[in-house]
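Please look through the structure shown below, and then follow the questions and answers, which take up a pair of strands, a ligand and a further pair of strands in turn.

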Amino acid sequence: MANSISFKQYIANEQRAGRVDADLAGLLNDTLGACKQISYDLSQGALMGVLGMAGSENVQGEDQKKMDVISNDVMIAANNRSGFVSGMASEEEETAYTLPADAPRGKYLLLFDPLDGSSNIDVNISVGTIFSILRAPKGVTNPADKDFLQKGTEQVCAGFVVYGQSTVLVITLGKGSHGFTLDRNIGEFILTQPNIQIPADTKEFAINASNSRFWEAPVKRYIDECLAGKSGTRDKDFNMRWVASMVAEVYRILTRGGIFMYPLDSKLKDKGGKLRLMYEANPMSLIVEQAGGASNTGRGRILDLQPTGLHQRVPVILGSRNEVERVVRYHAEG
Ligand code: AHM
Ligand code: MG
């Protein structure tokens with residue numbers, strides 16, 4: 001395509017415009033290089049022997065798949081010695097990852113969920129990599145967990161790559177959310193969805209309904225009304241989706257609208273929620289808000305939460321603005 005813009009050109013333009021510095025451009029190019037590698041490994045699947053369990057557990061007591069471990073290693077290796085980051089934090093690592101002593105330190109912190117939705121790997125359903133970039137505190141060369149505990153509003157950049165029929169990147173640098181599709185022939189992400197806009201209204205909701213008996217009253221009220229559709233208090237009938245892969249759900253919502261919920265329930269109360277603030281909720285919230293959507297716990301904007309732990313979990317309700325606001329209103333009404 002004569003007029004196509006690759007991610008490298010896009011980021012170079014942002015650099016020329018003074019919105020991105022050389023280190024951030026380098027960090028993103030390295031990170032996307034890792035995502036291309038993960039995309040290739042996933043596409044080979046059983047041929048490369050990457051399916052199945054790793055035989056280990058991560059810090060949160062979850063069984064790791066082989067691809068969880070491989071993706072984590074690929075992300076770390078791509079950024080370990082670049083000089084663009086001073087530390088990394090991964091959903092798969094117990095504490096902040098310390099760079100090798102002789103590696104150069106950079107001004108950014110990289111946080112990631114190397115392979116989100118990994119229960120879907122073996123069944124050939126979309127999974128993805130989510131990342132979030134923060135500024136490293138000045139003078140800190142070996143950042144500790146506490147140095148990563150910055151509000152979502154402090155993110156310099158957030159993005160995710162969904163490995164589906166095609167491999168697609170959605171990224172925000174704080175000025176809109178943009179989609180790029182990987183052209184496998186040339187190994188470049190090409191801008192295909194500039195300035196994504198999530199419709200304010202929707203007829204589609206996504207929630208794991210097997211948890212319904214544990215839900216709080218406001219969530220139950222909202223979903224009951226969706227299910228009743230025109231026969232109830234709503235003026236439309238709703239459709240339901242649940243992929244069990246947040247990257248796939250958020251990508252669908254960015255494409256055609258919808259609401260995604262992993263709310264607090266009585267089963268999750270002690271943990272605070274299912275999804276992780278630093279690796280899932282914050283980056284996805286920034287992307288969704290930058291595309292005109294909304295993201296909330298039901299009791300407050302996710303991006304305004306002060307993190308208290310690297311692996312903190314939070315309730316997540318995000319997507320089409322009018323529906324998210326309705327759920328938040330139901331929470332306020334009790
Ligand atoms: P993961 O990071 O271990 O893959 O967990 C996060 C995933 C999300 O992608 C998805 O929305 C959710 O967990 C699915 O949960 P459930 O298995 O309860 O449907
Ligand atoms: Mg995840």
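Q: Which residue in β2 does Met53 stand opposite?
A: In this predicted model, strand β1 covers residues 53-57 and strand β2 covers residues 63-65, and the two run antiparallel, joined by 3 bridges. Met53 belongs to this pairing, and the residue that stands opposite Met53 in β2 is Lys65.

Q: Which residue takes a positive phi in the hairpin of β1 and β2?
A: The hairpin of β1 and β2 has 5 residues between the strands. With a phi near 75 degrees, the residue that takes a positive value is Gly61.

Q: Which residue offers a polar backbone atom at 2.7 Å from an oxygen atom of ligand 1?
A: Among the closest of the 16 residues that surround ligand 1 are Asp116, Gly117 and Trp242. An N or O atom in the side chain of Asp116 is 2.9 Å from an oxygen atom of the ligand, and the side chain of Trp242 likewise has an N or O atom 2.9 Å from a ligand oxygen. The contact at 2.7 Å, in contrast, uses a polar backbone atom, and that atom belongs to Gly117.

Q: How many residues of the shell around ligand 1 are charged?
A: The space taken by ligand 1 is the largest pocket, and the elements that give two or more residues to the shell are β4 (108-116), β12 (259-262) and β13 (275-276). When the shell is divided by residue character, 6 are nonpolar and 4 are polar, while the number that are charged is 6.

Q: What is the bridge partner of Leu182 in β9?
A: Strand β8 (residues 177-183) and strand β9 (residues 188-193) run antiparallel and are joined by 5 bridges. They form a hairpin with 4 residues between them, where Gly187 in the turn has a positive phi of about 70 degrees. Within this pairing, the partner of Leu182 is Phe189.

How values were computed: Residues numbered from 1 in each chain as written. Chains lettered and ligands numbered in written order. Predicted model: local features only at pLDDT ≥ 70, side-chain atom pairs only at ≥ 80, totals over all residues. Heavy atoms only, no water. Pairing = 2+ DSSP bridges. Near = heavy atom within 4 Å. Polar contact = N/O pair within 3.5 Å; in protein donor to acceptor, adjacent residues only side chain to side chain. 1 Å grid on protein atoms, 1.4 Å probe; cavity = no way out; pocket = protein on both sides within 12 Å on 5 of 7 lines; lining within 4 Å. Sits in = over half its atoms within 2 Å of the grid points. Nonpolar A, V, L, I, M, F, W, Y, C, P; charged D, E, K, R; others polar.
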